[in-house]
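Here is a walk through one protein chain. We begin with confidence, move to overall shape, and end with packing inside the fold.

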Amino acid sequence: MTNTVNKPVLLIVMDGWGIGSGGHEDAIAQANTPVFDRLWSGYAHTRLFTHGPYVGLPAAKDMGGSEVGHLTMGAGMILDQGPTRINKAIADNSFFASSALQQVMEVVANGTTLHLVGLLSDGNIHSHLNHFKTLIEYAFEQGVKRLRVHALLDGRDVGIQTAQKYVCELEEDFAYINGNEGFDYGFASGGGRERIIMDRDYDWSKVEQGWNMMVHGQCEQRFPSMLAAINHFRERQPDIVDQDLPGFVIVDQDNQALGKMTDGDAVVMVNFRGDRAVEITEAFELDDFDGFDRGDKPDLTYAGMMVYDEDRNLPKLQLMGPTKVDNPFGKRILELGIKQFRLTETQKYPHVTFFFNGGYRQPLDESMEDYILIPSDKGVSFSDAPQMKAAEIAGKAVELIESGEYGFGLINFANADMVGHCGNMASAIEAVEAVDKAVGQIVEALEQAGGAALITADHGNAEEMLVATKTGHEPSTKHSVNPVPCILFDAAYDGSYQLRQPDAADAALAVPGLSHLAATLFEMMGYAVPDDLNPSLIERP
Ligand SMILES: O=C(O)[C@H](O)COP(=O)(O)O
Ligand SMILES: [Mn+2]
Ligand SMILES: [Mn+2]
């Protein structure tokens, strides 16, 4: 590997492609992957850790996700991620001192309602139940009399039918608080995260439905309680995954919605991750919003757990400051004069842009950075279209490689992850095979161009399509904590180097992980590795 500034070096992320047991739950082992098998056996490779301490998450067993994975790859070091920072701020009380939270508390001090909106689970990918509990307990201590929770139900970052567990935990808190004179806390609305609000493909109908439920109390599905709603839908469709539960509102005996939003109320979006929180935030915050007709929009104070769009500073009120990456990979290579591209389909667009950039969405220099987005299929379940846009992405990648213009490119293939989240084994196998084929085309073009690529994943998913339950197995729709493959494909590979292997005795910083990829890429491109990065994985005898 000599200086390859005019030879392309790529980072190819096969989202959700982990190394599993090889057993009956492993869609990757069951798929036919001739390209991957050839690369794994013919080139330097290792296994990377993508969860817990290896990516700056709070607990040893916290699964990785796309945000933390891409942020860590781009940072080239392990940084405290959003949930870690929030937990530390709660522990040292600085969380409660933020001017955003104080403004929210002032607004509701004289009797208006505090609404909490967010993903109700402990998946720790977009949100955490403890953050709901912390805000509820704090509101109670501060004497806030009326609080409503608008709960997005998960089943995608946690077990497929676990919503009732989280609902019951909050119901217990509400029962305790409501035992005090004058307090009125409870749920106001709910629905599966794939059906309402947490869209990331500008399918405004999903956001609109959630808006009408939460803000106006409008929805045909009306129930006296969360559990009544969940049980109703499960009776009709016993295998329905929580993420797909239709939206509903909670009503009183007169069929009146219990938690409409009215002038003077405050709303806190509890999710910390931005990609699926930004659309509803636009609806709450933008004066010139045109996604859908918001009806009579009440005068509300809106705050988010964190920043969801740094370029536009959305939302205006943020309970926590952003996770700062001072010198992300894309910016560093820009300063070296290396032209770069980012390429994926809509579902993973935030991943290759603002997650990898540690904040910014738009190119810093449009003449040196091309961010290419291929529209994802809309209105279909990805389990019915598991090939997604893999072929189109590969075609575009080949064109970009052949242009000879780029020194670096980041590509994300969504299939193994997005189809993995559907919990359907046959579809996941097809998804994996589509990625394998697409990677094969890119590798062929790199071979012609004399380029190189790190072929890896941000976390596992499709290699664990079933999980054990007390009585057997059930589909798994979430990420895994398995390691992921990392292959250094190099057209000029002569066997003279290897990639560092995981060693049980290593401390977290030394275990091969996503934080080592930036330095590895620098070495592949023939540049000195900046001192502040976690070291390259390339080992020469
Ligand atoms: O948002 C999602 O689809 C899942 O919660 C996490 O998946 P991702 O981290 O791979 O995007
Ligand atoms: Mn991912
Ligand atoms: Mn995922």
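Confidence is lowest in strand β15 (residues 466–469), where the mean pLDDT is 93. It is highest in strand β1 (residues 9–14), at 99. The model is predicted. Over residues 1–5 the pLDDT is below 50. Beyond near neighbours in sequence, that stretch still has 16 contacts in the model. For the protein the mean pLDDT is 96, and 99% of its residues reach 70 or more. The predictor also gives an ipTM of 0.98 and a pTM of 0.96 for the complex.

Now the overall form. The protein holds 16 helices and 19 strands. Its C-alpha trace spans about 75 × 45 × 45 Å along the principal axes. How does the radius of gyration fit with a compact globule of 541 residues? Such a globule would have a value near 24 Å, and the protein has 23 Å, so the two agree. Of the 541 residues, 54% count as buried. Contacts reach far along the chain. Among those with a separation of 6 or more, 78% join residues 24 or more positions apart.

Next, the helix pairs. Two packed helices are described by the angle between their axes and the distance between the axes. Take helix α2 (residues 34–42) and helix α15 (residues 425–449). Their axes come within 7 Å and cross at roughly 55°. An angle of that size makes α2 oblique to α15, because it falls outside the parallel, antiparallel and perpendicular ranges. From α2, the residues involved are Pro-34, Val-35, Phe-36 and Leu-39. They meet Asp-436, Lys-437, Val-439, Gly-440 and Val-443 in α15. By class, this contact has six nonpolar residues, one polar and two charged.

Helix α15 also packs with helix α13 (residues 390–403). Here the angle is about 5°, and the axes are 9 Å apart. Angles under 35 degrees count as roughly parallel, so α13 is roughly parallel to α15. On the α13 side the contact is made by Ala-390, Ala-391, Ile-393, Ala-394, Ala-397, Val-398, Ile-401 and Glu-402. On the α15 side it is made by Ala-434, Val-435, Ala-438, Gln-441, Ile-442, Ala-445, Leu-446 and Ala-449. Which classes make up this contact? There are 14 nonpolar residues, one polar and one charged.

A further pair is helix α6 (residues 129–141) with helix α7 (residues 163–178). Their axes come within 11 Å and cross at roughly 10°. The crossing angle therefore makes α6 roughly parallel to α7. Helix α6 contributes Leu-129, Phe-132, Lys-133, Ile-136 and Phe-140. Helix α7 contributes Tyr-166, Glu-169, Leu-170, Asp-173 and Ile-177. These residues divide into seven nonpolar and three charged, with no polar ones.

Helix α6 has another partner. In helix α4 (residues 82–91), Gly-82, Pro-83, Thr-84, Arg-85 and Ile-86 are buried. What do the buried residues of α4 pack against? They pack against α6. Just after α4, Asn-93 takes a positive phi of about 70°.

Finally, look at strand β4 (residues 146–153). Leu-147 lies in this strand. Is Leu-147 buried or exposed? It is buried, because 24 other C-beta atoms lie within 10 Å, and 20 or more are enough. Leaving aside neighbours within four places in sequence, Leu-147 is in contact with Thr-113, Leu-114, Leu-116, Ile-136, Ala-139 and Tyr-185. Of these, Ile-136 is also one of the α6 residues that meet α7. Thr-84 is 63 residues from Leu-147 along the chain. Their C-alpha atoms are separated by 26 Å.

Leu-153 lies in β4 too. With 32 C-beta neighbours inside 10 Å, Leu-153 counts as buried. Outside its neighbours within four places in sequence, Leu-153 is in contact with Leu-120, Ala-163, Gly-190, Gly-191, Gly-192, Arg-193, Asp-242, Gln-243 and Leu-245. How far apart in space are Leu-153 and Asp-244? They are 8.4 Å apart, C-alpha to C-alpha, with their positions 91 residues apart in sequence.

Methods: Residues are numbered from 1 along each chain as its sequence is written. Chains are lettered from A and ligands numbered from 1 in the order in which they are written. This is a predicted model: local features need pLDDT of at least 70, side-chain atom pairs count only at pLDDT 80 or more; totals for chains, interfaces and linings use all residues. Axes are lines fitted to C-alpha atoms, for helices over the stretch in contact, and angles run from 0 to 180 degrees between N-to-C directions. Helices (H or I, at least four residues) and strands (E, at least two) are DSSP runs, numbered from the N terminus. Angles under 35 degrees count as roughly parallel, over 145 as roughly antiparallel, 65 to 115 as roughly perpendicular and the rest as oblique. Two residues are in contact if their C-beta atoms, placed from the backbone, lie within 7 Å. Ala, Val, Leu, Ile, Met, Phe, Trp, Tyr, Cys and Pro count as nonpolar, Asp, Glu, Lys and Arg as charged, and the others, Gly among them, as polar. The radius of gyration is taken over C-alpha atoms; the globule rule is 2.2 Å times the number of residues to the power 0.38. A residue is buried if 20 or more other C-beta atoms lie within 10 Å of its own, exposed if 12 or fewer, and partly exposed in between; C-beta atoms are placed from the backbone. pLDDT is the predictor's confidence in each residue, from 0 to 100.
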